[in-house]
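Morning, everyone. Please bring the model up on your screens. I'll take one strand, then the ligand.

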Amino acid sequence: GTTLPKLKQRRILTIANQKGGVGKTTTAVNIAAALAIQGLTVLVVDLDPQGNASTALGADHQSGTPSSYELLLGEVQARDAIQRSAHNERLMCIPATIDLAGAEIELVSMVAREGRLKTALSEEALDGLGIDFVLIDCPPSLGLLTVNAMVAATEVFIPIQCEYYALEGVGQLLRNIDLVQAHLNPELHVSTVILTMYDGRTKLADQVAEEVRRHFGDAVLRAVIPRSVKVSEAPGYGQTVLEYDPGSRGAMSYLDAGRELAARSGLADTTTRK
Ligand code: ADP
Ligand code: MG
């Protein structure tokens, strides 16, 4: 493929939607792989105790492995928790272990509890690693882990499943984003929305897609991710779909989505939110 020019500034995106099973993790790992294939250096931070992104990227994540948990506690530096993909050295991951399950509670009593991830992913902390993109995979809740992700990022990337009740809960997500923006991170904005698990045979999928485009305008990527068995099989092999079946429709659409994302500036004034 074509190699994209290096970014002037690192972009940090948090992949959020408090609904589970909408494709957050699948989008995080496959977009990351797509960006890496195009020559960009990408760090995925797994912030879900389930560790699904770590699994899909083939990263070690048994309890005790330096992970996002130790990172939040300030016990390790980002560079010491990073693992590189066996498939692409530009694709990196800070894994999540089951230890993270307690963090939501542990963080409550900590100093600067909302800003711990931001500190851990600061310019200095990532200096010299050449990272162009950081993608933070959030758990399906709007608790302190997700708030940490929203404080660390400038962009929110929302995957929306082309199903019934697709926009259910999105209002609450947007209100939380507004709260974080007002009180903790003025730069935060929804830069990107992606439609996932699209089934072209159903009228419903088209209706959902239309509604989402009406609501989010230009923030919605033109590339739509089809529902595909290959996409769901890949994590079982510790692979993204771009390694598992590079020619598949799922792989091609994530490649397109990655290209689109990289071509955008990610700045607030390029998005429309109605
Ligand atoms: P979340 O992180 O939002 O909980 P996941 O990315 O884990 O969602 O996806 C939920 C389930 O749907 C997983 O089993 C995943 O493999 C599957 N899935 C995600 N995207 C697709 C797709 N495009 N086609 C088929 N299955 C998908
Ligand atoms: Mg997930």
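**Strand β1 and its partners**

Start with a single pair: Ile12 stands opposite Val134 in β5. Keep in mind that this is a predicted model.

That pair belongs to a longer contact. β1 and β5, residues 133-137, pair in the parallel sense. There are 5 bridges between these two strands.

β1 also pairs with β6, residues 155-161. Again the two run parallel, here with 3 bridges. Look at Leu13: its bridge partner in β6 is Glu155.

Now the strand itself. Is β1 mostly covered or mostly open? Mostly covered: it spans residues 11-15, and 5 of its 5 residues are buried.

Follow the side chains. Arg11, Leu13 and Ile15 point one way from β1. Ile12 and Thr14 point the other way. Residues on both sides are buried, Arg11 and Thr14 included.

On to ligand 1. Which residues come nearest? Of the 17 around ligand 1, they are Lys24, Thr25, Thr26, Val231 and Ser232. Two elements give two or more residues to this shell: α1, residues 24-37, and α11, residues 229-233. α1 gives the most, with 3 residues.

What about the chemistry of that shell? Polar residues number 10, nonpolar residues 5 and charged residues 2.

To recap. β1 is buried at 5 of 5 residues. β1 runs parallel to β5, and parallel to β6. Around ligand 1, α1 gives the most residues.

Notes. Residues numbered from 1 in each chain as written. Chains lettered and ligands numbered in written order. Predicted model: local features only at pLDDT ≥ 70, side-chain atom pairs only at ≥ 80, totals over all residues. Buried ≥ 20, exposed ≤ 12 C-beta atoms within 10 Å, placed from the backbone. Helix = DSSP H or I, 4+ residues; strand = E, 2+ residues; numbered from the N terminus. Pairing = 2+ DSSP bridges. Near = placed C-beta within 6 Å. Nonpolar A, V, L, I, M, F, W, Y, C, P; charged D, E, K, R; others polar.
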